[in-house]
Amino acid sequence: MSEPPAAGVPAVMRAVALAPRPEGAHAIVEERPVPEPGPREVLVRVHSAGLNRGEILRRALLREGQPVPNGIEFAGTVVERGAGSTTPLGSRVMGHWRGCQAEYVAVDERLVMAVPDSLAT
């Protein structure tokens, strides 16, 4: 059983998605439900998300279908924990997971690591 939602975590968030079109996808901002952390997952309030060459190439090749979430690198703060998670609430973390160009991302805690105190998020 996961912990109760943290105060201030909304039900809906903004997230970047790639919307396909014949000449290549374009980035859009969508409203999506804030994900709930599953077992051994943490919910991270994203402060920073990367944009890399692979995502830029993907945009150029995405020509049909539904919009897809974007982003794979992020840094932020743990605001909720799923059942069995041992990552402390309030931890500053960075990680690699899909769809993280969003205000929140739920990710397996084994895929995040602590942000050193010498770095800002």
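**View 1. Gln-101, a buried loop residue.** With a relative accessibility of 14%, Gln-101 counts as buried (under 20% relative accessible area; exposed is over 50% and partly exposed lies in between, with a 1.4 Å probe and protein chains only). This is a predicted model, where local features need pLDDT of at least 70 and side-chain atom pairs count only at pLDDT 80 or more, while totals for chains, interfaces and linings use all residues. Residues are numbered from 1 along each chain as its sequence is written, and side-chain values use heavy atoms, with hydrogens and water left out. Gln-101 sits in the loop between strand 6 (92–96) and strand 7 (104–108); helices (H or I, at least four residues) and strands (E, at least two) are DSSP runs numbered from the N terminus. Its side chain makes a polar contact with the side chain of Asn-70 at 2.8 Å (a pair of N or O atoms within 3.5 Å, where within protein one must be able to donate a hydrogen and the other to accept it, and residues adjacent in sequence count only if both atoms are side-chain atoms). Leaving out residues up to four places away in sequence, the residues that Gln-101 touches include Ala-15, Val-16, Leu-51 and Glu-55 (contact means heavy atoms within 4.5 Å).

**View 2. Glu-103, in the loop between strand 6 and strand 7.** Glu-103 is buried, with a relative accessible area of 18%. Not counting residues up to four places away in sequence, Glu-103 touches Met-13, Arg-14, Val-44, Arg-45 and Val-46. Look for Val-34 too: Glu-103 and Val-34 are 69 residues apart in sequence, yet 8.3 Å apart in space, C-alpha to C-alpha.

**View 3. The open sheet of 5 strands.** The strand order is 7-3-5-6-8, with antiparallel pairing (two strands pair if DSSP finds at least two bridges between them). Strand 7 and strand 8 (112–114) stand at the edges with a single partner strand each, so one side of each has no neighbour in the sheet. Inside the sheet, strand 3 (residues 41–49) and strand 5 (residues 73–81) run antiparallel and are joined by 7 bridges. To find one of these, start at Val-42, whose bridge partner in strand 5 is Arg-81.

**View 4. Arg-40, with a positive phi.** Although Arg-40 is not a glycine, its phi is positive, at about 60°. Arg-40 lies in the loop between strand 2 (26–33) and strand 3, and is partly exposed, with a relative accessible area of 37%.

**View 5. The open sheet of 3 strands.** Here the order is 2-1-4, again with antiparallel pairing. Strand 2 and strand 4 (68–69) are the edge strands, each pairing on one side only. Strand 1 and strand 2 are joined by 8 bridges; Ala-17 has Ile-28 as its bridge partner in strand 2, and Val-12 stands opposite Pro-33. The hairpin of these two strands has 6 residues between them, and Gly-24 takes a positive phi near 115° there. Of the 8 residues of strand 2, the number buried is 0, so this strand lies largely in the open.

**View 6. The largest pocket.** Its volume is about 250 Å³. Of the 18 lining residues, Arg-32, Pro-69, Arg-98, Gly-99 and Val-105 lie nearest the centre. Strand 1 (12–19), strand 2, helix 1 (53–61) and strand 7 are the elements that give two or more residues to the lining. On a 1 Å grid over the protein atoms alone, a pocket is an open set of points with protein on both sides within 12 Å along at least five of seven lines, whereas a cavity is a set where a 1.4 Å probe fits but cannot get out; lining residues have an atom within 4 Å of a point. Grid points are joined across faces, edges and corners, and a volume is the space filled by probe spheres set on the points.
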